[in-house]
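Hi everyone, thanks for making time. Could you bring up the sequence and the model on your screens? I'll walk you through it in a few minutes.

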Amino acid sequence: MIPLAKKVILLGCLLLLTACVKNNFNQQNTLVPHVNVNFHVNADFISLVGQFTIETGHGYQGIIVFNIDGNNTFRAFDLGCPYVKPSECNIPMQVDEATGEMSCAGCANDDIRFTQYKTGVTIGETQYYLREYNAYLEGGVVRITNF
């Protein structure tokens, strides 16, 4: 009877762990507050590899949407600084208009930069990540959501 109980507990733990996995990207260790996001942008505005658009009024501090491959792959990130507490900094990250490179320079005195490919940083022994949203092509628009 005891071995059966252990198996049931182990199975329950495995089900619980797999039920918590929703996205294929890391949403842990970000200080950016969770807000509901569900909007779209016209795919024509970001039709080439590396192009991006900044959408204010969405997410916590605005959202930057990148075209990754020129086809159907897009990534979207909140512009809230992932490693500074919102109570200490309430402004969006600065974005380089030519490259889309992001930094928390307005909140922190450092040279940490983020890109659509470099989405995390280690400070001390803690890793922090940009808050990423689902972004996918749907008809002629890119849908950005966290539902």
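**Sheets, edges and one asparagine**

Let's begin with a side chain: that of Asn-146 reaches the backbone nitrogen of Val-37 at 2.9 Å. Please keep in mind throughout that this is a predicted model.

The same residue has a second contact to show you. The side chain of Asn-146 also comes to 2.7 Å from the backbone oxygen of Val-35. Where does Asn-146 lie? You'll find it in the segment after β11. And is Asn-146 buried or exposed? Its relative accessibility is 16%, so it counts as buried, the cut-off being under 20%.

Now, follow the chain back into β11 itself, residues 141-145. This strand pairs with β1 in the antiparallel sense, over five bridges. If you'd like one pair to click on, take Phe-39, whose bridge partner in β11 is Ile-144.

Stay with β1 for a moment, residues 38-42. One face of this strand is covered, and that is where Phe-39 and Val-41 sit. The uncovered face carries Asn-38, His-40 and Asn-42. For anyone new to the group, side chains in a regular strand alternate between the two faces of the sheet.

Let's zoom out to the whole sheet. In what order do its six strands come? The order is β1-β11-β10-β4-β3-β2, in an open sheet with antiparallel pairing. β1 and β2 (52-55) stand at the edges with a single partner strand each, so one side of each is left without a neighbour in the sheet. Ignoring direction, neighbouring strands here are turned by 25 degrees against each other on average.

Over at the β2 edge, the partner is β3, residues 63-67. These two run antiparallel and are joined by four bridges. Here, too, there's a pair to look up: Phe-52 has Phe-66 in β3 as its bridge partner.

Last stop, another sheet. This one is open as well, with three strands in the order β5-β6-β7 and antiparallel pairing. Its edge strands are β5 (94-95) and β7 (113-114), each of which pairs on one side only. Between β5 and β6 (residues 102-103) there are two bridges, again in the antiparallel sense. Which residue of β6 is the bridge partner of Val-95? That would be Met-102.

That's my tour, and I'm happy to go back to any of these views. Thanks for listening!

Note on methods: Residues are numbered from 1 along each chain as its sequence is written. This is a predicted model: local features need pLDDT of at least 70, side-chain atom pairs count only at pLDDT 80 or more; totals for chains, interfaces and linings use all residues. Side-chain values use heavy atoms; hydrogens and water are left out. Buried means under 20% relative accessible area, exposed over 50%, partly exposed in between (1.4 Å probe, protein chains only). Two strands pair if DSSP finds at least two bridges between them. Axes are lines fitted to C-alpha atoms, for helices over the stretch in contact, and angles run from 0 to 180 degrees between N-to-C directions. A polar contact is a pair of N or O atoms within 3.5 Å; within protein, one must be able to donate a hydrogen and the other to accept it, and residues adjacent in sequence count only if both atoms are side-chain atoms.
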